[in-house]
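Work through the following exercises with the structure open. Each task is followed by a solution in steps.

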Amino acid sequence: LRDMDAILGRDDRLVAKLVDAAEKVEAGFAAIIGTPVPAVIGTDHQALRRMCEKKTDLPVLAVNTNGMELYDAGERKAYLELFKAFVREKLPVEAGKTGVLGMTPQDVSDLKAADKIRKVYADQGMRAICYGMGDGLDEVRNASLAAKNVVVSPAALKAAQYLQKKFGTPYEIFYPLASELVPEVNYQGKKILIVQQQVIANAVRKEIEKRTGEKEAITTATWFMRKEEILTDLNVDAADDISLKEEDDFISLVEKEGYDVIFADPCMERMIPGFEGVFIPLTHFAVSGKLNV
């Protein structure tokens, strides 16, 4: 919609455009995604969804975003709407089937990550479903078949909790590929900072502690969503898990704390030219727009 269409409440134009598009493309569903102008004027996204569903045979999702939050806030809402819309019934649980929630390029920063995770589970005689990265709408519809879900980003936590409440599917919070993100470096007795999305950052922390055999002086930090439920689940002290808002927060943290090792997106190394320790690249697409290759 043009701004004036939205401001003047010309919802019929949006409906007409969506119906026209639905006749021209082959699609499994349509989605109405909120942007700043509809957010400011208080557009009723659910009413729009109902209007559109009356005019087309497609299922329609309404995601009440506002275009002014960070990417993971929109992901969280989209995941929840997707599973609410398409997972309708409780199916017999398939032993060994694991749903992986939170697999997006923004979160895992590696287009090959889904295939790697599938292989990890296949090697153990199980089957992993990576929703959104190679596994499509049919697998979403069959989500209640999963014996358990794995949450690999904070944005997927609400969806996992919904599936647990609705179908009794248990979930775990971890990243199955954490070991490949941690190079062979001496971490014993070092002061370490890990900057990533919360689940991967804490998975890297656990991997380091597993290798050293003891609890190290490790701080995790993130520019994005930070959930207390994840800290509790991972048995992490909240004081060792930090939210960053501005570049200055990161710069002052490094200057103040004197870390020996820093894991962070490579673009962040330029922020700390005076850092004399070991900087280990930990790519985060949502920070730099770069992917692991």
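## Exercise 1: A contact between two helices

In this predicted model, Asp11, Leu14, Val15, Leu18 and Val19 of α2 are in contact with Leu48, Met51, Cys52 and Lys55 of α4.

Task: Sort the residues of this contact into nonpolar, polar and charged, and state how the axes of α2 and α4 are oriented to each other.

Solution.
Step 1. The contact of α2 with α4 is made up of seven nonpolar, no polar and two charged residues.
Step 2. The axes of α2 and helix α4 (residues 45-55) come within 10 Å and cross at roughly 45°.
Step 3. Angles under 35 degrees count as roughly parallel, and 65 to 115 as roughly perpendicular. The crossing is at roughly 45°, and α2 and α4 are therefore oblique to each other.
Step 4. The crossing of α2 past α4 is right-handed.

## Exercise 2: A second helix pair

Task: Find which residues of α5 and α9 meet, and state how the two axes are oriented to each other.

Solution.
Step 1. From α5, Arg76, Tyr79, Leu80, Phe83 and Lys84 meet Lys158, Ala159, Tyr162 and Leu163 in α9.
Step 2. The residues of this contact of α5 with α9 divide into six nonpolar, no polar and three charged.
Step 3. The axes of helix α5 (residues 71-86) and helix α9 (residues 157-167) come within 8 Å, crossing at roughly 25°.
Step 4. Angles under 35 degrees count as roughly parallel, so α5 and α9 are roughly parallel to each other.
Step 5. α5 passes α9 in a right-handed crossing.

## Exercise 3: Salt bridges

Side chains of opposite charge can pair when their charged atoms come close. In the whole structure, a search finds 19 salt bridges.

Task: For aspartate 20 with lysine 24, glutamate 172 with lysine 148 and lysine 210 with glutamate 207, give the N to O distance, the place of each partner in the chain and its exposure.

Solution.
Step 1. A salt bridge needs a side-chain nitrogen of Lys or Arg within 4 Å of a carboxyl oxygen of Asp or Glu.
Step 2. In the salt bridge of aspartate 20 with lysine 24, the closest N and O atoms are 3.0 Å apart. Both residues are in helix α2 (residues 11-24); because they are four residues apart, about one helical turn separates them. Aspartate 20 is partly exposed at 34% relative accessibility, and lysine 24 is exposed at 64%.
Step 3. Glutamate 172 and lysine 148 form a salt bridge with an N to O distance of 2.4 Å. This pair links distant parts of the chain, 24 residues apart: glutamate 172 is in strand β6 (residues 171-173) and lysine 148 in strand β5 (residues 146-151). Glutamate 172 is partly exposed at 33% relative accessibility, and lysine 148 is partly exposed at 25%.
Step 4. For lysine 210 and glutamate 207, the closest N and O atoms of the salt bridge are 3.5 Å apart. Both lie in helix α10 (residues 198-212), three residues apart, which is about one turn of the helix. Lysine 210 is exposed, at 62% relative accessible area, whereas glutamate 207 is buried, at 10%.
Step 5. Elsewhere, Glu94, Lys97, Arg127 and Glu139 are joined into one network by salt bridges that share partners.

## Exercise 4: Buried or exposed?

Task: Decide whether threonine 98, aspartate 135 and lysine 54 are buried or exposed, and describe where each is found.

Solution.
Step 1. Buried means under 20% relative accessible area, and exposed means over 50%.
Step 2. Threonine 98 has a relative accessible area of 2%, so this residue is buried. Its place is in strand β3 (residues 94-101). Leaving aside neighbours within four places in sequence, threonine 98 is in contact with Tyr121, Arg127, Ala128, Ile129, Lys148 and Val150.
Step 3. Aspartate 135 has a relative accessible area of 14%, so this residue is buried too. Aspartate 135 is in the loop between β4 (127-130) and α8 (137-141). Not counting residues up to four places away in sequence, aspartate 135 touches Arg118, Ala128, Ile129 and Cys130.
Step 4. Lysine 54 is exposed, at 74% relative accessibility. Lysine 54 lies in helix α4. The C-alpha atoms of lysine 54 and valine 19 are 10.0 Å apart, and the two residues are 35 residues apart in sequence.

Methods
Residues are numbered from 1 along each chain as its sequence is written. This is a predicted model: local features need pLDDT of at least 70, side-chain atom pairs count only at pLDDT 80 or more; totals for chains, interfaces and linings use all residues. Side-chain values use heavy atoms; hydrogens and water are left out. Buried means under 20% relative accessible area, exposed over 50%, partly exposed in between (1.4 Å probe, protein chains only). Axes are lines fitted to C-alpha atoms, for helices over the stretch in contact, and angles run from 0 to 180 degrees between N-to-C directions. Angles under 35 degrees count as roughly parallel, over 145 as roughly antiparallel, 65 to 115 as roughly perpendicular and the rest as oblique. A crossing is left-handed if the near helix is turned anticlockwise from the far one by less than a right angle, and right-handed if clockwise. Contact means heavy atoms within 4.5 Å. Ala, Val, Leu, Ile, Met, Phe, Trp, Tyr, Cys and Pro count as nonpolar, Asp, Glu, Lys and Arg as charged, and the others, Gly among them, as polar.
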